Amino acid sequence: MKITRARSWVVKQPARKIDNQLKIKDRGFVFIQVDTDEGITGWGEITTYPGPVANRAISAYVDQIGSWLVGEDPEDIERIWNKIFRGMTYVGTRGATSAAISGIDIALWDIKGKMLNQPVYKLLGGAVRDKIALYCHPPEPENPEHITKHAKDIVNAGYKAFKMDPMMHHLHVGNSTFLDGEISADAEEKAIEIVAAAREAVGPKIEILIDAHGLYNVPTATRLANRMADWNIFWFEEPVPAESWKALKQVKEQVKPLISVGERLHTRWEFIPIFENNLADFVMPDITWTGGITELKKIATMAEAYYIPISPHDASGPINVMSGAQVMMTVPNFYKLETSRFDLSYYNEMIDKPLNIKNGDLYLDESPGIGINLNEEYLAANEMDINRPIEYDPSAD
Ligand SMILES: [Mg+2]
């Protein structure tokens with residue numbers, strides 16, 4: 001079997017209501033399609049941030065790399081992974097390159113599963129569990145009343161854990177900016193009120209995960225985490241920007257809550273200092289950014305050797321959820337898989353069957369590959385013209 005084409009799709013899903021009431025803006029997704037000369041197509045995903053610019057940029061990057069894949073045997077997943085990784089060494093092997101590899105790698109595993117008529121998890125060592133525990137997000141909370149309502153909705157849907165950024169309301173340009181790492185006193189007090197309201201709303205047994213989005217300096221992150229410990233938060237995520245593991249070390253050594261990092265760490269090499277220096281209690285790589293199915297399995301095994309649970313990050317689309325779940329079916333040291341919302345029915349128009357989620361758990365079946373296929377008619381109907389000029393809005397998806 002030979003690869004005949006590898007291409008990206010940037011698609012835009014129109015604004016809609018989700019979770020029965022919540023209106024969300026239109027948002028973009030980046031999917032990868034790898035075709036073969038035997039009629040088998042594999043699907044991958046990269047969807048990244050900030051969407052209007054980053055999705056277009058990564059799409060163009062993948063399409064250029066795609067020319068290297070034509071004529072390759074899609075079964076040579078490890079070799080193709082290394083071919084791209086080493087080929088792009090001057091451009092940089094993390095970030096855009098690891099994301100491009102991720103989307104292609106997921107599609108190649110999908111092809112292999114379809115060739116062998118097996119789900120990917122059976123090709124990665126077989127299942128160690130029969131379902132994948134999920135956690136999800138409320139809309140980012142604006143005030144205590146807001147989180148009270150949405151936290152209760154999540155618990156009523158059967159979820160045992162959810163994640164929020166109670167500081168998000170003070171950010172004026174999305175969640176990817178950092179200048180001084182400070183937070184105003186007013187915003188900090190409001191964040192604490194939101195955490196208190198969330199705990200009050202759901203009682204002591206629900207796990208409340210706090211995401212700091214890598215936005216704070218050492219003293220600010222340390223103070224926020226320790227204040228929130230009074231409400232028994234489950235973890236404090238990405239306290240500081242990803243570039244300095246020594247800053248993370250300072251925070252880790254001074255805070256009471258458990259620490260989780262990893263969505264901005266790409267490939268197994270960037271997890272070495274985390275494990276070697278005891279910098280995290282959980283790791284949370286994103287399968288669409290860190291190197292795909294191949295790399296997530298390797299990072300999970302590294303974490304296992306340190307008795308660190310892994311909890312894949314996901315803030316995007318259905319391929320991210322399903323490919324992460326395929327790997328986690330085989331991983332002993334799995335905590336929970338992230339999903340954006342408790343109601344993921346807004347994926348349904350893109351895929352050939354709904355995700356099978358009950359009471360906060362995702363169930364996989366014997367479907368080959370990653371277990372779902374994208375709807376090509378939907379992709380074609382919603383494809384964005386990436387050459388059309390856009391007005392940059394870093395807060396948009
Ligand atoms: Mg996060």
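This passage describes how two domains of a predicted model meet, and then turns to the surroundings of one histidine, His313.

The domain assignment divides the protein chain into two parts. Domain 1 is made of two segments, 3-117 and 375-382, while domain 2 covers 122-362. Taken over C-alpha atoms, the centres of the two domains are 23 Å apart. To their contact, domain 1 contributes 33 residues and domain 2 contributes 29 residues.

It is worth a look at which elements build the domain 1 side of this contact. Three strands and two helices each supply two or more residues there: strand E2 (16-18), strand E4 (27-36), strand E5 (41-45), helix H2 (77-87) and helix H3 (96-116). Of these, H3 gives the most, with 11 residues. Sorted by class, the side of domain 1 that touches domain 2 holds 16 nonpolar residues, alongside 10 polar and 7 charged ones.

Attention now moves to His313. This residue sits in the loop that links helix H10 (292-305) to helix H11 (318-328). Is His313 buried or exposed in the model? With 27 other C-beta atoms within 10 Å, His313 counts as buried, because the cut-off for that class is 20 or more. Leaving aside residues up to four places away in sequence, His313 touches Gly262, Glu263, Met284, Pro285, Asp286 and Glu338. As for Ser323, a separation of 10 residues in sequence from His313 goes with a distance of 12 Å in space, C-alpha to C-alpha.

Definitions and conventions. Residues numbered from 1 in each chain as written. Predicted model: local features only at pLDDT ≥ 70, side-chain atom pairs only at ≥ 80, totals over all residues. Domains from an automatic or database assignment. Contact = placed C-beta atoms within 7 Å. Helix = DSSP H or I, 4+ residues; strand = E, 2+ residues; numbered from the N terminus. Nonpolar A, V, L, I, M, F, W, Y, C, P; charged D, E, K, R; others polar. Buried ≥ 20, exposed ≤ 12 C-beta atoms within 10 Å, placed from the backbone.
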